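Hi,

Here is the structure I said I would pass on. Have a look at it first, and then read my notes below.

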Amino acid sequence: MSTAKVKKGSARHSEKRERLIFHLMLLPGMIVLALFVFVPLVGSLMAFQNYKIGLGLFRSEWVGLENYRIIFTFPDSVQVFWNTLVIAFGKLVLNAIIPVAFSILLNELGGKIFKRAFQTVVYLPHFLSWSVLVGLVYLFIGPTGYINKVLTSMGGQPIQFLLNPNWFRPLIVIETIWKEAGWGTIIYLAALSGVDEQLYEAAVVDGANRWKQLWHITLPAIRGTIITMFILRMGSFMDTGFEQIYLMRNAINRQVAEVFDTYIYVEGIVNGNFSYSTTLGFFKSVISLILVLVTNVIANRVGEE
């Protein structure tokens with residue numbers, strides 16, 4: 001056997017060994033993925049059954065699409081679907097606009113110390129739990145909160161933010177922006193850092209002001225990032241946030257506060273209606289998948305991949 005063949009065989013053996021090491025590194029993650037993502041998918045069969053705990057998953061009565069018919073005919077589920085769409089749409093639109101605006105403003109700020117201080121203040125709410133944030137909201141807008149104290153001290157009437165259903169949806173969206181908009185600017189700031197400064201210098205020479213530079217240079221440069229983030233958000237469009245809404249809802253605003261996440265919890269955990277709650281969860285996932293596929297097609301049509 002020639003020396004060249006020996007070296008070639010040794011190189012192949014070394015390459016296979018490296019690949020094996022990489023596959024072994026992936027193994028723990030794949031096991032976790034299988035146990036907590038793929039194995040629970042078997043439970044989705046309950047969406048087509050009248051599931052009974054005593055009978056188990058494979059002996060319960062099969063009812064086909066009966067549970068799905070209930071979703072479209074039961075008044076509560078129709079109201080829940082509408083509530084979810086309204087809140088999800090508000091979060092989607094503002095979470096797509098405000099982080100971009102924040103990132104552009106931060107990118108324009110001069111002075112490193114002031115810029116870093118402002119970034120810290122904007123990012124901080126992301127690291128707080130919803131329990132803490134909702135507690136702060138109660139301190140500000142509760143019946144005896146700071147805002148109502150200011151209003152009464154000025155001779156006005158207190159506003160029942162938490163007891164008025166008309167305030168619930170705006171409060172939910174505002175809280176979400178407060179918590180997540182700053183954190184969302186990180187990706188856009190990274191995209192903005194890659195924009196060639198010579199483009200701005202050439203625009204200044206041509207007489208372009210700040211607004212024209214923003215419209216013709218900045219936004220086109222980060223358009224791909226904006227569309228990518230939009231597609232990713234569409235995957236969680238129906239996830240309105242269980243913890244936040246559960247902490248903010250009460251008996252008075254329940255008509256507008258009940259969304260898929262809380263409704264599934266009430267029907268599945270509280271009422272023990274496992275088949276119906278599984279159907280709701282499965283239905284929500286299918287809608288999210290369709291939205292991602294449609295958004296991706298639209299992105300391709302406008303020239304992004």
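What follows is what I found, going from the pocket to two helices and then to a few single residues.

Before anything else: this is a predicted model, so please read everything below in that light.

**The pocket**

I guess you will want to start here. The largest pocket holds about 460 Å³ of space. It has 21 lining residues, and the ones closest to the centre are Asn95, Thr176, Glu180, Arg233 and Ser236. Three elements each give two or more residues to that lining: helix H3 (75-108), H7 and helix H10 (223-235). H7 gives the most, with 7 residues. As for chemistry, the lining splits into 10 nonpolar, 7 polar and 4 charged residues.

**Isoleucine 177**

While you are looking at H7, check isoleucine 177, which sits in that helix. Its relative accessible area is 13%, so it counts as buried. Beyond its neighbours within four places in sequence, isoleucine 177 touches Leu94, Asn95 and Ile98. Asn95 also turned up among the residues closest to the pocket centre. Isoleucine 87 is 90 residues away from isoleucine 177 along the chain, and their C-alpha atoms are separated by 12 Å.

**Helix H5**

Next, H5, which runs over residues 130-141. With 12 residues at 1.5 Å a residue, this helix should span 16 Å, and its end C-alpha atoms are indeed 16 Å apart, so the two agree. Which of its residues are buried? They are Trp130, Leu133, Val134, Val137 and Ile141. Looking down the axis of H5, these buried residues fall within an arc of 95°, so they line one face of the helix. The general reason is familiar: an α-helix has 3.6 residues a turn, so residues three or four places apart point the same way. The cover over the buried residues of H5 includes helix H6 (146-153), helix H7 (165-193) and helix H11 (242-248).

**Helix H9**

H9 (residues 210-221) has Gln213, Leu214, Ile217 and Thr218 as buried residues. Around the axis they cover an arc of only 125°, which puts them on the same side of H9. Trp211, Trp215 and His216 are exposed on the other side. If you want to see what the buried residues of H9 pack against, display H3, H7 and helix H8 (197-205).

**Two loop residues**

Histidine 126 is in the loop between helix H4 (112-123) and H5. Is it buried, exposed or in between? Its relative accessible area is 22%, so histidine 126 is partly exposed. Leaving out neighbours within four places in sequence, histidine 126 has contacts with Lys179, Glu180 and Trp183. With Trp183, the C-alpha to C-alpha distance is 6.3 Å, although the two residues are 57 apart in sequence. Note that Glu180 is also one of the residues closest to the centre of the largest pocket.

Methionine 46 belongs to the loop between helix H1 (3-38) and strand E1 (49-50). Despite being in a loop, methionine 46 counts as buried, because its relative accessibility is 16% and the cut-off for buried is under 20%. Neighbours within four places aside, methionine 46 is in contact with Tyr51, Leu57, Asn67, Phe274, Ser275 and Thr278. Thr278 comes from a distant part of the chain: 232 residues separate it from methionine 46, yet their C-alpha atoms are 6.3 Å apart.

That's my tour; over to you.

Cheers

Methods: Residues are numbered from 1 along each chain as its sequence is written. This is a predicted model: local features need pLDDT of at least 70, side-chain atom pairs count only at pLDDT 80 or more; totals for chains, interfaces and linings use all residues. Side-chain values use heavy atoms; hydrogens and water are left out. Helices (H or I, at least four residues) and strands (E, at least two) are DSSP runs, numbered from the N terminus. The expected span of a helix is 1.5 Å times one less than its number of residues. Buried means under 20% relative accessible area, exposed over 50%, partly exposed in between (1.4 Å probe, protein chains only). The arc is that of the directions from the helix axis to the C-beta atoms. Contact means heavy atoms within 4.5 Å. On a 1 Å grid over the protein atoms alone, a cavity is a set of points where a 1.4 Å probe fits but cannot get out, and a pocket is an open set with protein on both sides within 12 Å along at least five of seven lines; lining residues have an atom within 4 Å of a point. Grid points are joined across faces, edges and corners, and a volume is the space filled by probe spheres set on the points. Ala, Val, Leu, Ile, Met, Phe, Trp, Tyr, Cys and Pro count as nonpolar, Asp, Glu, Lys and Arg as charged, and the others, Gly among them, as polar.
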